[in-house]
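Hi,

Here is the structure I promised to pass on. Have a look at it first, and then read on for what turned up.

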Amino acid sequence: MNRELCHRILIVAEMLLLALPVSVFCLFFGLALLMTVGFPWGLEELAIMIFVLVGTLGIVGLWCAAITYLTRRTRSIWWWRAACMGAGLVSVSLMLFCLIAFGWERPEWVVIIALGVFASPLLIPFLHLAYLLRTPREPLSTQAQQ
C-alpha cells in the first residue's frame, strides 16, 4: 500500500467517522438557532447569525475540499478558503470556551458562539487536508507502475 492510498483511506475514514456526525449535529442545531433569533435584530443577533452562516459555509467548504481531493479534481481555492474560515471560527470558539471555563464574565451571545466548540472534531480532517495539500502528490503514472 503506497502513501497516497493510505492518506486517501484516512481522509475517507475521518470524513465518515468524524466529520459526518459533527456536520449533521452542527448544521441541525445551527438551523435551529437561526430559527430562534427573533426581531428586532441587534448587534448580538447579527453576530449569532453571521457566526452560524459562516460556520455552515466552513462545513460545506471542508466537505467540498475533501471531495475534490479524493476525486483528484482541480481544487477550488474558494472552497478551501471557506474551510479555513470555518477552522478560524472553531478556533475562536475554543478560545472563548477556555475563557468561560476560567471564569470570565460573559454575555449570552458569547456563550452561544463558544458552543461552536462542538465543531472542533472537524479540525482533524481539516488539518490532514491542509498537510496533504502542502505536500506534493505522486503522479498517476508512478502509481500505475507500482
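How much space lies in the largest pocket? About 520 Å³. Bear in mind that this is a predicted model, so to speak of it as anything else would be wrong.

If you want to set up a box around that pocket, here is who sits there. The lining of the largest pocket counts 27 residues, and those nearest its centre are Cys 26, Phe 51, Leu 115, Gly 116 and Ala 119. Four helices put at least two residues each into this lining: H1 (3–36), H2, H3 (77–101) and H5. H2 is the biggest contributor, giving seven residues. As for chemistry, 20 of the lining residues are nonpolar and seven are polar, while no charged residue takes part.

There is also an enclosed space to look at. The count of cavities of 30 Å³ or more comes to one, and the largest cavity holds about 40 Å³ of space. Its lining consists of Ala 65, Thr 68, Arg 75, Ser 76, Trp 79, Trp 80 and Leu 133. H2 and H3 each bring at least two residues to the lining of this cavity. Unlike the pocket, whose lining has no charged residues, the cavity has one charged residue in its lining, along with four nonpolar and two polar ones.

Now for the helix packing, where H2 turns up again. H2 (residues 43–70) packs on H5 (residues 123–134) at an angle of about 45°, and their axes are 11 Å apart. That angle is why H2 and H5 count as oblique to each other. The crossing of H2 past H5 is left-handed. On the H2 side the contact is made by Leu 62, Ala 65, Ala 66 and Tyr 69, and on the H5 side by Pro 125, Phe 126, Leu 129, Leu 132 and Leu 133. By class that gives nine nonpolar residues, with no polar and no charged ones. Two of these names may look familiar: Ala 65 and Leu 133 belong to this contact and also line the largest cavity.

H2 packs on H1 as well, at an angle of about 160° and with the axes 10 Å apart. H1 and H2 are therefore roughly antiparallel to each other. Their crossing is left-handed too. The contact of H1 with H2 involves 19 nonpolar, three polar and two charged residues.

Cheers

Notes. Residues are numbered from 1 along each chain as its sequence is written. This is a predicted model: local features need pLDDT of at least 70, side-chain atom pairs count only at pLDDT 80 or more; totals for chains, interfaces and linings use all residues. Side-chain values use heavy atoms; hydrogens and water are left out. Axes are lines fitted to C-alpha atoms, for helices over the stretch in contact, and angles run from 0 to 180 degrees between N-to-C directions. Angles under 35 degrees count as roughly parallel, over 145 as roughly antiparallel, 65 to 115 as roughly perpendicular and the rest as oblique. A crossing is left-handed if the near helix is turned anticlockwise from the far one by less than a right angle, and right-handed if clockwise. Contact means heavy atoms within 4.5 Å. Ala, Val, Leu, Ile, Met, Phe, Trp, Tyr, Cys and Pro count as nonpolar, Asp, Glu, Lys and Arg as charged, and the others, Gly among them, as polar. On a 1 Å grid over the protein atoms alone, a cavity is a set of points where a 1.4 Å probe fits but cannot get out, and a pocket is an open set with protein on both sides within 12 Å along at least five of seven lines; lining residues have an atom within 4 Å of a point. Grid points are joined across faces, edges and corners, and a volume is the space filled by probe spheres set on the points.
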